[in-house]
Amino acid sequence: MRSRVPLLVVLLALALLLTGADLGASSSAARPTLTVRASQYGRVVFAGSNRALYAFTRDQHGQSTCYGACAAAWPPYIVSGTPSGGAGTSRSLLGTTRRRDGKRQLTYAGRPLYFYAADPVGQVLCQNVREFGGLWLVVRGSGQLVRLPR
(Lines give C-alpha, C1' and ligand atoms only; values in the text may rest on other atoms or scores of the structure.)
Protein backbone atom coordinates (compact mmCIF):
# COMPACT_ATOMS: atom_id res chain seq x y z
CA MET A 1 0.00 0.00 0.00
CA ARG A 2 1.38 3.40 -0.96
CA SER A 3 1.65 6.07 1.74
CA ARG A 4 -0.24 9.31 1.30
CA VAL A 5 1.51 12.60 1.85
CA PRO A 6 -0.66 15.27 3.40
CA LEU A 7 -1.46 17.88 0.76
CA LEU A 8 -0.22 20.62 3.06
CA VAL A 9 3.25 19.03 3.25
CA VAL A 10 3.51 18.73 -0.53
CA LEU A 11 2.34 22.33 -1.01
CA LEU A 12 4.80 23.56 1.62
CA ALA A 13 7.68 21.70 -0.01
CA LEU A 14 6.76 23.06 -3.44
CA ALA A 15 6.53 26.59 -2.08
CA LEU A 16 9.97 26.25 -0.50
CA LEU A 17 11.45 24.94 -3.74
CA LEU A 18 9.84 27.67 -5.85
CA THR A 19 10.95 30.47 -3.53
CA GLY A 20 14.47 29.12 -3.30
CA ALA A 21 14.28 28.66 0.46
CA ASP A 22 17.33 26.89 1.85
CA LEU A 23 16.69 23.72 3.83
CA GLY A 24 20.38 23.30 4.50
CA ALA A 25 21.96 23.01 1.09
CA SER A 26 25.30 24.70 1.27
CA SER A 27 26.52 27.54 -0.86
CA SER A 28 30.03 27.66 -2.23
CA ALA A 29 30.91 30.20 0.48
CA ALA A 30 29.90 28.03 3.45
CA ARG A 31 30.75 24.48 4.40
CA PRO A 32 27.85 22.27 5.46
CA THR A 33 28.17 21.50 9.15
CA LEU A 34 26.49 18.94 11.38
CA THR A 35 26.07 19.34 15.12
CA VAL A 36 24.50 17.25 17.85
CA ARG A 37 21.80 19.06 19.82
CA ALA A 38 19.22 18.22 22.44
CA SER A 39 15.74 17.16 21.30
CA GLN A 40 12.78 15.35 22.78
CA TYR A 41 14.51 12.15 21.55
CA GLY A 42 17.80 12.87 23.26
CA ARG A 43 20.87 14.29 21.55
CA VAL A 44 20.52 13.96 17.77
CA VAL A 45 22.13 15.29 14.60
CA PHE A 46 21.06 18.67 13.23
CA ALA A 47 22.29 20.69 10.28
CA GLY A 48 24.20 23.86 11.13
CA SER A 49 20.97 25.74 10.35
CA ASN A 50 19.40 24.00 13.41
CA ARG A 51 17.16 21.78 11.31
CA ALA A 52 16.77 18.15 12.38
CA LEU A 53 18.14 15.47 10.06
CA TYR A 54 16.60 12.08 9.40
CA ALA A 55 17.66 8.78 7.88
CA PHE A 56 15.30 6.62 5.78
CA THR A 57 15.35 2.89 6.51
CA ARG A 58 14.48 2.08 2.89
CA ASP A 59 17.86 3.46 1.74
CA GLN A 60 20.36 0.65 1.31
CA HIS A 61 24.14 0.66 0.75
CA GLY A 62 24.40 4.44 1.10
CA GLN A 63 22.13 5.15 -1.88
CA SER A 64 19.02 7.31 -1.70
CA THR A 65 15.67 5.85 -2.74
CA CYS A 66 13.75 9.07 -2.01
CA TYR A 67 12.77 10.96 -5.19
CA GLY A 68 9.70 12.78 -6.53
CA ALA A 69 6.93 13.24 -3.95
CA CYS A 70 9.16 11.64 -1.32
CA ALA A 71 11.92 14.22 -1.86
CA ALA A 72 9.34 17.03 -1.80
CA ALA A 73 8.21 15.97 1.70
CA TRP A 74 11.69 14.85 2.82
CA PRO A 75 14.23 17.10 1.03
CA PRO A 76 17.70 15.54 0.81
CA TYR A 77 20.57 17.43 2.43
CA ILE A 78 22.40 18.52 -0.73
CA VAL A 79 25.97 19.77 -0.34
CA SER A 80 28.52 21.33 -2.62
CA GLY A 81 31.41 21.88 -0.23
CA THR A 82 33.35 19.58 2.02
CA PRO A 83 31.18 18.73 5.04
CA SER A 84 32.52 19.36 8.52
CA GLY A 85 31.52 17.85 11.82
CA GLY A 86 30.62 20.10 14.71
CA ALA A 87 30.18 19.38 18.40
CA GLY A 88 29.12 15.82 19.13
CA THR A 89 29.68 14.44 15.62
CA SER A 90 32.43 12.24 14.26
CA ARG A 91 34.29 13.45 11.16
CA SER A 92 34.94 9.82 10.19
CA LEU A 93 31.16 9.24 9.84
CA LEU A 94 30.64 12.11 7.35
CA GLY A 95 30.43 11.41 3.64
CA THR A 96 28.39 11.99 0.52
CA THR A 97 26.51 9.96 -2.06
CA ARG A 98 25.60 10.90 -5.63
CA ARG A 99 21.92 11.29 -6.45
CA ARG A 100 20.49 10.43 -9.88
CA ASP A 101 20.70 14.11 -10.88
CA GLY A 102 24.41 14.18 -10.03
CA LYS A 103 24.02 16.27 -6.87
CA ARG A 104 25.85 15.19 -3.73
CA GLN A 105 23.77 14.26 -0.69
CA LEU A 106 25.34 14.32 2.76
CA THR A 107 25.62 10.98 4.55
CA TYR A 108 26.33 10.16 8.16
CA ALA A 109 27.48 6.66 9.12
CA GLY A 110 26.78 5.73 5.48
CA ARG A 111 23.13 6.84 5.60
CA PRO A 112 21.82 9.61 3.31
CA LEU A 113 20.38 12.49 5.36
CA TYR A 114 17.10 14.35 4.85
CA PHE A 115 15.10 17.18 6.34
CA TYR A 116 11.35 17.00 6.95
CA ALA A 117 9.81 19.90 5.00
CA ALA A 118 7.32 20.82 7.75
CA ASP A 119 9.78 20.70 10.68
CA PRO A 120 10.18 24.11 12.32
CA VAL A 121 13.76 25.14 13.09
CA GLY A 122 15.00 23.30 16.18
CA GLN A 123 12.13 20.79 16.32
CA VAL A 124 11.60 17.14 15.41
CA LEU A 125 8.03 16.46 14.25
CA CYS A 126 8.28 13.26 12.18
CA GLN A 127 10.41 10.84 14.18
CA ASN A 128 9.48 7.17 13.79
CA VAL A 129 7.03 7.87 10.94
CA ARG A 130 6.41 5.28 8.23
CA GLU A 131 6.09 6.90 4.78
CA PHE A 132 7.18 6.03 1.24
CA GLY A 133 7.92 2.42 2.14
CA GLY A 134 10.27 2.99 5.05
CA LEU A 135 10.70 4.44 8.50
CA TRP A 136 12.08 7.96 9.09
CA LEU A 137 14.35 8.18 12.13
CA VAL A 138 16.61 10.83 13.64
CA VAL A 139 20.27 9.95 14.08
CA ARG A 140 22.51 10.07 17.15
CA GLY A 141 26.05 11.50 17.01
CA SER A 142 27.31 7.90 17.14
CA GLY A 143 25.51 7.21 13.85
CA GLN A 144 22.87 4.99 15.47
CA LEU A 145 19.24 5.53 14.52
CA VAL A 146 16.83 6.47 17.29
CA ARG A 147 14.26 3.68 17.29
CA LEU A 148 11.13 3.86 19.37
CA PRO A 149 8.95 0.95 20.42
CA ARG A 150 5.83 0.63 18.30
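Tutor: A nonpolar core is a set of buried Ala, Val, Leu, Ile, Met, Phe, Trp, Tyr and Cys residues joined through side-chain atoms within 4.5 Å; buried means under 20% relative accessible area, with a 1.4 Å probe and protein chains only. The model is predicted, so local features need pLDDT of at least 70 and side-chain atom pairs count only at pLDDT 80 or more, while totals for chains, interfaces and linings use all residues. Residues are numbered from 1 along each chain as its sequence is written, and side-chain values use heavy atoms, with hydrogens and water left out.

Student: Which element gives the most residues to the largest nonpolar core?

Tutor: Helices (H or I, at least four residues) and strands (E, at least two) are DSSP runs, numbered from the N terminus. This core has 18 residues, and Tyr-54, Cys-66, Trp-74 and Trp-136 touch the most other members. At least two residues each come from strand S2 (42-47), strand S3 (54-56), helix H2 (69-73) and strand S10 (134-138). The top contributor, with three residues, is H2.

Student: How many residues of S10 are buried?

Tutor: S10 supplies at least two residues to the largest core. The strand is mostly covered, and its buried residues number five of five.

Student: Which residue stands opposite Leu-137 in S10?

Tutor: Two strands pair if DSSP finds at least two bridges between them. S3 and S10 run antiparallel and are joined by three bridges. Opposite Leu-137 stands Ala-55.

Student: Which residue in the turn between S9 and S10 has a positive phi?

Tutor: Strand S9 (residues 129-131) runs antiparallel to S10, with three bridges. The two strands form a hairpin with two residues between them, and the positive phi, about 55 degrees, belongs to Phe-132.

Conventions. Buried < 20%, exposed > 50% of the residue type's maximum accessible area, 1.4 Å probe, protein only.
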